[in-house]
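User: I would like to learn how to read pockets, sheets and ligand contacts from a model. Can we go through them one by one?

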Amino acid sequence: MKYILTQSTQHLKIPSIKVTRKLFPDQELYLKIQNSIKNQPSTLISNILPQNILEFLFTVNAVRHMGANIKQIIIPYLAYARQDKIFSHGEALSAEVILSLLENLKIPITIYDMHSEMLKAKYSFDYQSLLPALLKQIPKNNFIVISPDKGGIERAKKIAKLLKAQFKVISKQRIGNAVFMQFKGNVEGKHILIVDDIISTGETLVQAAKVLKSHGARDIYCIASHGLFVKNARQKLERSQIKKIVVSNSLPIKSSKKIQVIPIEPSIK
Ligand code: R5P
């Protein structure tokens, strides 16, 4: 099997076909696959990010023109899956645009921990999760598993089931960039495992930890599939009341004191 990576997955330790990319002075992208892969089965591993959609499509196009057979596409992290419904009249349904585009490629696609649970029924891709692999890095405690919002209930429930643990959900409201949380339930003296798909600004986790601690929670751990860590998220989380956060390297990030990054290569190859 030949592996082709886009720039978004270059950090993965997977030997891959050489691809040249250049920007013309007007910022148009030029892309060329350097090694011949004619008639060879190949797998494209690429994140879908706001800035790389053309690079991704050009790569598929170049591979096809070279006469290679793309057996599958693996998408460790798929952006734009959070806008999965029209929350307010006039909005674009971004997740639909991206998923339809992928569907139209007519190639088997595996997506890891896609945010939208709702759209999984509409688009028949292969949906996989990195969370069980991340869970192995969490000490074996008697946990209460927490979803930090309603949207993450199914995801967190699966982990609670694996652990045979109790499950609870926080009620979350976003107003602009601020996150407000309310929690009803008894976590007094209990170890907590928060399960999420994405850590972006880190506000969800910081506020979840605060509200759980205010209810007497003991040690708080978190597993989250994708670490975007935008702005000062990492510093906020290092200062937070969370004891340990385990994320995957679907995105190019490094471990730090509280944040442990687990390679996805064994799960996806
Ligand atoms: C939201 O619905 C997601 O599951 C994550 O909880 C969210 O994207 C995390 O964002 P942030 O780290 O900015 O709070």
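## Reading pockets, sheets and ligand contacts

User: Before the features, what kind of model is this?

Analyst: This is a predicted model.

User: How is empty space found, and what volume does the largest pocket have?

Analyst: Rolling a probe the size of a water molecule over the atoms shows where empty space is left. Here the largest pocket holds about 1000 Å³ of space. Its lining is made of 31 residues, and those closest to the centre are Arg82, His115, Asp149, Lys172 and Arg174.

User: Which elements give two or more residues to the lining of the largest pocket?

Analyst: They are helix H4 (153-163), strand S10 (171-175), strand S12 (191-199) and helix H5 (203-214).

User: How do the residues in the lining of the largest pocket divide by class?

Analyst: There are 12 charged, 11 polar and 8 nonpolar residues in that lining.

User: What is the volume of the second largest pocket, and which residues lie nearest its centre?

Analyst: The second largest pocket has about 230 Å³. Its lining counts 14 residues, and Asp113, Lys120, Gln128, Ser129 and Lys158 are nearest the centre. By class, 7 of the lining residues are nonpolar, 5 are charged and 2 are polar.

User: Which element gives the most to the lining of the second largest pocket?

Analyst: Helix H4 does, with 4 residues. Strand S7 (126-128) and helix H3 (131-135) also supply at least two residues each.

User: Now the sheets. What is the strand order in the open sheet of 5 strands?

Analyst: For a sheet, read the order of the strands, then the pairing sense, then the edges. In this sheet the order is S1-S4-S5-S6-S7, and the pairing is parallel. Strand S1 (2-5) and S7 are the edge strands, each pairing on one side only. From one strand to the next, the twist averages 20 degrees.

User: How many bridges join S6 to S7?

Analyst: Strand S6 (residues 109-112) and S7 run parallel and are joined by 3 bridges. Within this pair, Ile111 is opposite Tyr127 of S7.

User: What is the order in the open sheet of 6 strands, and which strands are at its edges?

Analyst: The order is S9-S8-S12-S13-S14-S15, again to be read with its pairing, which is parallel. Strand S9 (166-169) and strand S15 (259-262) are the edge strands, as each pairs on one side only. The twist in this sheet averages 25 degrees from one strand to the next.

User: Over how many bridges do S12 and S13 pair?

Analyst: S12 pairs with strand S13 (residues 220-227) over 7 bridges, in the parallel sense. One residue pair to look up is Ile198 with His226, its bridge partner in S13. S12 has come up before, as one of the elements that give two or more residues to the lining of the largest pocket.

User: Last, the ligand. Which residues are closest to the ligand?

Analyst: Start with the surrounding residues, then go to atom pairs. The ligand is surrounded by 14 residues, and the closest are Asp196, Asp197, Thr201, Gly202 and Thr204.

User: What distances separate polar side-chain atoms of Thr204 and Arg174 from oxygen atoms of the ligand?

Analyst: For Thr204, a polar side-chain atom is 2.4 Å from a ligand oxygen atom. For Arg174, the distance from a polar side-chain atom to an oxygen atom of the ligand is 3.0 Å. Lys172 has a side-chain N or O atom 3.4 Å from an oxygen atom of the ligand. Lys172 and Arg174 are also among the residues closest to the centre of the largest pocket.

Terms used
Residues numbered from 1 in each chain as written. Predicted model: local features only at pLDDT ≥ 70, side-chain atom pairs only at ≥ 80, totals over all residues. Heavy atoms only, no water. 1 Å grid on protein atoms, 1.4 Å probe; cavity = no way out; pocket = protein on both sides within 12 Å on 5 of 7 lines; lining within 4 Å. Points joined across faces, edges and corners; volume = space filled by probe spheres on them. Nonpolar A, V, L, I, M, F, W, Y, C, P; charged D, E, K, R; others polar. Pairing = 2+ DSSP bridges. Axes fitted to C-alpha atoms, helices over the stretch in contact; angles between N-to-C directions. Near = heavy atom within 4 Å. Polar contact = N/O pair within 3.5 Å; in protein donor to acceptor, adjacent residues only side chain to side chain.
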